[in-house]
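Let's take a walk through this structure together, going from ring to ring and then outward to the strands. Keep the viewer open as you read.

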Amino acid sequence: MKSATDLLKRFEKARSFNVLLREQGYLEERTRKSTSSPTGMKKYNALTEKGLQYGENAVSPQCQREVQPMYYIDTFTDLFNIVVYGEVA
């Protein structure tokens with residue numbers, strides 16, 4: 001499994017891809033309390049039920065209270081084509 005950033009290096013930036021994933025229901029933005037954030041809340045991404053067929057929510061190495069979407073290498077191209085082009089190649 002790899003992160004979207006690693007897998008998207010050959011396609012485009014992960015940030016814009018994450019926006020498309022959220023718009024199409026594969027990814028959701030979650031929040032947790034944070035003492036270091038000015039708002040008192042920290043945002044992070046997690047795969048939805050729909051997105052879990054393409055990866056897993058792994059515990060984030062930066063914070064054990066967050067998850068980090070990790071995608072299956074063998075199905076990532078399918079997910080990319082669905083989200084970006086609306087079809088599986």
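How many aromatic pairs does a search of the whole structure find? The search of this predicted model finds 5 aromatic pairs. A good one to start with is formed by Phe17 and Phe76: the pair is tilted, with 5.7 Å centre to centre and 55° between the planes. Because Phe17 lies in helix 2 and Phe76 in helix 3, this pair ties together parts that are 59 residues apart in sequence. Phe17 is buried, since its relative accessible area is 0%. Phe76 counts as buried too, because its relative accessibility is 1%, under the 20% cut-off.

Stay with Phe76 for a moment and look at its other partner. Tyr71 and Phe76 form an edge-to-face pair, with 5.6 Å centre to centre and 65° between the planes. Both Tyr71 and Phe76 are buried. Stepping back, you can see ring pairs that link Phe17, Tyr71, Phe76, Phe80 and Tyr85 into a cluster.

Next, the setting of these rings. In soluble globular proteins, nonpolar side chains tend to be buried together. Here, the largest nonpolar core has 13 residues, and those with the most contacts inside it are Phe17, Leu21, Tyr26, Tyr71, Leu79 and Val83. Two elements, helix 2 (14–23) and helix 3 (73–85), give two or more residues to this core. Helix 3 provides the largest share, 5 residues.

Helix 3 deserves a visit of its own. Its buried residues are Thr75, Phe76, Leu79, Phe80, Asn81, Ile82 and Val83. A quick geometric check is possible here: with 13 residues at 1.5 Å a residue, helix 3 should span 18 Å, and its end C-alpha atoms are 19 Å apart, so the two values agree. After helix 3 comes Gly86, which has a positive phi, near 80°.

Now for the strands. Strand 4 (residues 67–71) is mostly covered, with 4 of its 5 residues buried. Strand 3 (residues 55–59) pairs with strand 4 in the antiparallel sense, over 5 bridges. To find the register by eye, look for Ala58, whose bridge partner in strand 4 is Gln68.

Strand 1 (residues 27–33) is where you will find Leu27. Is Leu27 buried or exposed? Leu27 counts as buried, because its relative accessibility is 3%, under the 20% cut-off. Leaving aside residues up to four places away in sequence, Leu27 touches Asn18, Leu21, Arg22, Asn45, Ala46, Leu47, Thr48, Pro69 and Tyr71. Among these neighbours, Leu21 and Tyr71 are already familiar as residues with the most contacts inside the core. Gly51 is 24 residues from Leu27 along the chain, yet their C-alpha atoms are separated by 6.3 Å.

One more ring is worth a look, this time with a charge beside it. The charged end of Lys50 sits over the ring of Tyr26, 4.4 Å from its centre. Tyr26 also appears in the core, as one of the residues with the most contacts inside it.

Finally, zoom out to the whole chain. The protein chain has 3 helices and 4 strands, and from the N terminus on its elements run α-α-β-β-β-β-α. Of its 89 residues, 38% are buried. Among contacts between residues at least 6 apart in sequence, 39% join residues at least 24 apart. The pair of Phe17 and Phe76, where this walk began, ties together parts 59 residues apart in sequence.

Technical notes: Residues are numbered from 1 along each chain as its sequence is written. This is a predicted model: local features need pLDDT of at least 70, side-chain atom pairs count only at pLDDT 80 or more; totals for chains, interfaces and linings use all residues. Side-chain values use heavy atoms; hydrogens and water are left out. Buried means under 20% relative accessible area, exposed over 50%, partly exposed in between (1.4 Å probe, protein chains only). Contact means heavy atoms within 4.5 Å. A nonpolar core is a set of buried Ala, Val, Leu, Ile, Met, Phe, Trp, Tyr and Cys residues joined through side-chain atoms within 4.5 Å. Two strands pair if DSSP finds at least two bridges between them. The expected span of a helix is 1.5 Å times one less than its number of residues. Rings of Phe, Tyr and Trp (its six-membered ring) pair if their centres lie within 6.5 Å; planes under 30 degrees apart count as stacked, over 60 as edge-to-face and the rest as tilted. A charge sits over a ring if NZ of Lys or CZ of Arg is within 6 Å of the ring centre and within 35 degrees of the ring normal.
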